[in-house]
Amino acid sequence: MNARILVLGAGFGGLELARTVSAELGTEAEVVVIDKSDAFVFGYAKLDVMFGRTTSAAVRLDYGLVEMPGVRLLRETIQAIDPHTRTVTTDAGVHEADHLVVALGADYDLGATPGLADSTEFYSVGGAERLAEMLPDFTGGHAVVGLCGAPFKCPPAPSEAVFLLHEYLVKRGLRERSRISLVMPFGTPIPPSPDSSRAVLAACAERGIEFVPGRRVASVDAGRGVATLDDGSELRFDLMLGVPRHRAPDVVIESGMAEDGYIPVDRHTLETRFPDVYALGDVATVGVPKAGVFAEAQARIVGRNLLTRMRGGEPSDRYDGIGSCFIEWGDGLAGRVNVDFFSGEKPTGTFDAPSADLIADKAAFGARRRARWFGMGT
Ligand SMILES: Cc1cc2nc3c(=O)[nH]c(=O)nc-3n(C[C@H](O)[C@H](O)[C@H](O)COP(=O)(O)OP(=O)(O)OC[C@H]3O[C@@H](n4cnc5c(N)ncnc54)[C@H](O)[C@@H]3O)c2cc1C
């Protein structure tokens with residue numbers, strides 16, 4: 001008999017894990033996936049929504065479309081996790097598992113940055129929708145893409161935001177009346193890849209975008225239009241594109257699994273310190289950035305190792321910490337950041353120069369996952 005696998009969270013990690021096991025075992029699989037939402041949205045789609053390139057309704061992928069043999073996807077809110085007994089309590093009941101996989105992602109902690117809740121952010125679907133309503137009324141001024149802390153999801157996304165904002169304002173004839181600043185808590189835009197950082201900084205310079213390194217937004221006064229940075233300096237703004245501080249979901253913190261904010265794991269196997277409990281993706285401290293490509297690659301490793309164990313073998317798949325993220329450049333171009341986090345003493349990265357081909361590759365990336373997880377035609 002196959003073991004019961006309980007997957008918490010149907011994001012990049014949870015969906016890929018379910019797919020990996022289902023593809024091997026078919027109806028023999030016993031996988032339950034729990035998520036409180038009724039739809040999945042790719043992180044990058046929030047940029048498309050914010051800039052009015054699409055609507056949030058158009059980018060929602062309804063969980064009702066998921067049809068994976070041997071997988072049940074339940075819409076429930078997880079209220080408690082007991083990693084010792086692998087028992088999970090939701091608003092609908094209690095679930096027990098032989099193997100528990102926590103893939104609950106990272107939440108936004110708006111309260112950690114005073115005033116941010118009264119201002120605007122683009123990292124949630126709701127925040128992106130609100131900015132999509134506001135942007136057409138923007139008549140020029142100082143726009144700040146401001147990070148409130150690290151780590152944050154998808155390190156290239158804030159740089160994409162300034163490039164796409166630049167393009168948007170040029171098209172509307174507002175660029176000359178506007179200033180764009182990118183406030184980031186790192187010294188360079190994409191620290192693990194110096195080549196990518198150099199390219200981003202050169203593109204910022206070409207476009208007259210100011211990069212404010214080593215700083216984060218500590219508080220926001222939306223009424224006065226002032227962001228106070230962590231060194232006490234003030235930045236006046238007319239438009240705030242904030243990136244809230246991130247944290248593990250409350251239910252994870254309350255479970256006692258987290259240390260220093262997230263769940264520590266063996267970076268090669270994604271095992272937690274609790275037997276038969278795994279954590280992956282944004283909710284875990286793996287030593288790689290918080291991005292969907294990393295979450296899904298980790299999920300494949302956990303899935304394959306669980307399959308091996310169920311067949312009585314010794315798991316041997318190891319997560320390698322290698323991944324690539326697209327970075328939209330504006331004007332129909334995208335670059336790509338490729339980073340290897342584990343092979344050397346320090347991460348090493350390369351950069352693929354912006355091209356129209358890479359925009360097509362990004363579209364194909366989304367299409368493959370829509371097909372793989374939601375059965376949608378490519
Ligand atoms: C603007 C932006 C752009 C991005 N661009 C990219 C990109 O180009 N490439 C890339 O790889 N990544 C990108 N990302 C990052 C990517 O979206 C995340 O890193 C990825 O979704 C993490 O996957 P995950 O499985 O760990 O968590 P998630 O995908 O966040 O899934 C977690 C799931 O857990 C569920 N959940 C949480 N708490 C509960 C609860 N109590 N009960 C039930 N369910 C719960 C949530 O509803 C969610 O569905 C971007 C993110 C943003 C914000």
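In what order do the strands of the open sheet with strands 14, 15 and 16 stand, and is their pairing parallel or antiparallel? The order is 14-15-16, and the pairing is antiparallel. Please keep in mind while reading that this is a predicted model.

**The sheet of strands 14 to 16**

Let us stay with this sheet for a moment. Strand 14 (217-221) and strand 16 (234-236) are its edges; each has a single partner strand, so one side of each is left without a neighbour in the sheet. From one strand to the next, the twist averages 25 degrees.

Strand 14 is joined to strand 15 (residues 226-229) by 4 bridges, and the two run antiparallel. You can follow this pairing residue by residue: valine 217 stands opposite leucine 229 in strand 15, while valine 220 faces alanine 227 in strand 15. Strand 14 and strand 15 also make a hairpin, with 4 residues between them. In the turn of that hairpin sits glycine 225, which has a positive phi of about 65 degrees.

**A second sheet**

Another open sheet is built from 3 strands in the order 6-7-8, again with antiparallel pairing. Its edge strands are strand 6 (78-82) and strand 8 (93-96), each of which pairs on one side only. Here the twist averages 20 degrees from one strand to the next. Strand 6 and strand 7 (residues 87-90) pair in the antiparallel sense over 4 bridges, and aspartate 82 stands opposite threonine 87 in strand 7.

**The whole chain**

Now step back to the full picture. The protein chain holds 9 helices and 24 strands. Its radius of gyration is 21 Å, close to the 21 Å that the globule rule gives for 378 residues, so the chain is as compact as a globular protein of that length. Measured out along its principal axes, the C-alpha trace spans about 65 × 45 × 40 Å.

**Two domains and their contact**

The domain assignment divides the chain into domain 1 (5-106 + 248-310) and domain 2 (109-246 + 322-374). Their C-alpha centres lie 26 Å apart. The contact between them takes 26 residues from domain 1 and 29 residues from domain 2. On the side of domain 1 that touches domain 2, helix 1, helix 2 and helix 8 each supply at least two residues. Helix 2 gives the most to this side, with 4 residues.

**Around the ligand**

Where does the ligand lie with respect to domain 1 and domain 2? Both domains give residues to the shell around the ligand, so it lies between them. There are 35 residues around the ligand, and those that come nearest are Gly9, Gly11, Gly43, Gly105 and Gly281. The elements that give two or more residues to this shell are helix 1 (12-25), strand 2 (31-35), helix 2 (45-50), helix 8 (292-310) and strand 22 (322-330).

The table sets out the residue classes of the ligand shell and of the side of domain 1 that touches domain 2.

| Region | Nonpolar | Polar | Charged |
|---|---|---|---|
| Shell around the ligand | 19 residues | 10 residues | 6 residues |
| Side of domain 1 that touches domain 2 | 17 residues | 4 residues | 5 residues |

Helix 1, helix 2 and helix 8 are good places to look, as they appear in both settings: each gives two or more residues to the ligand shell, and each supplies at least two residues to the side of domain 1 that touches domain 2.

Definitions and conventions
Residues numbered from 1 in each chain as written. Predicted model: local features only at pLDDT ≥ 70, side-chain atom pairs only at ≥ 80, totals over all residues. Near = placed C-beta within 6 Å. Nonpolar A, V, L, I, M, F, W, Y, C, P; charged D, E, K, R; others polar. Domains from an automatic or database assignment. Pairing = 2+ DSSP bridges. Axes fitted to C-alpha atoms, helices over the stretch in contact; angles between N-to-C directions. Contact = placed C-beta atoms within 7 Å. Rg over C-alpha atoms; globule rule 2.2 N^0.38 Å.
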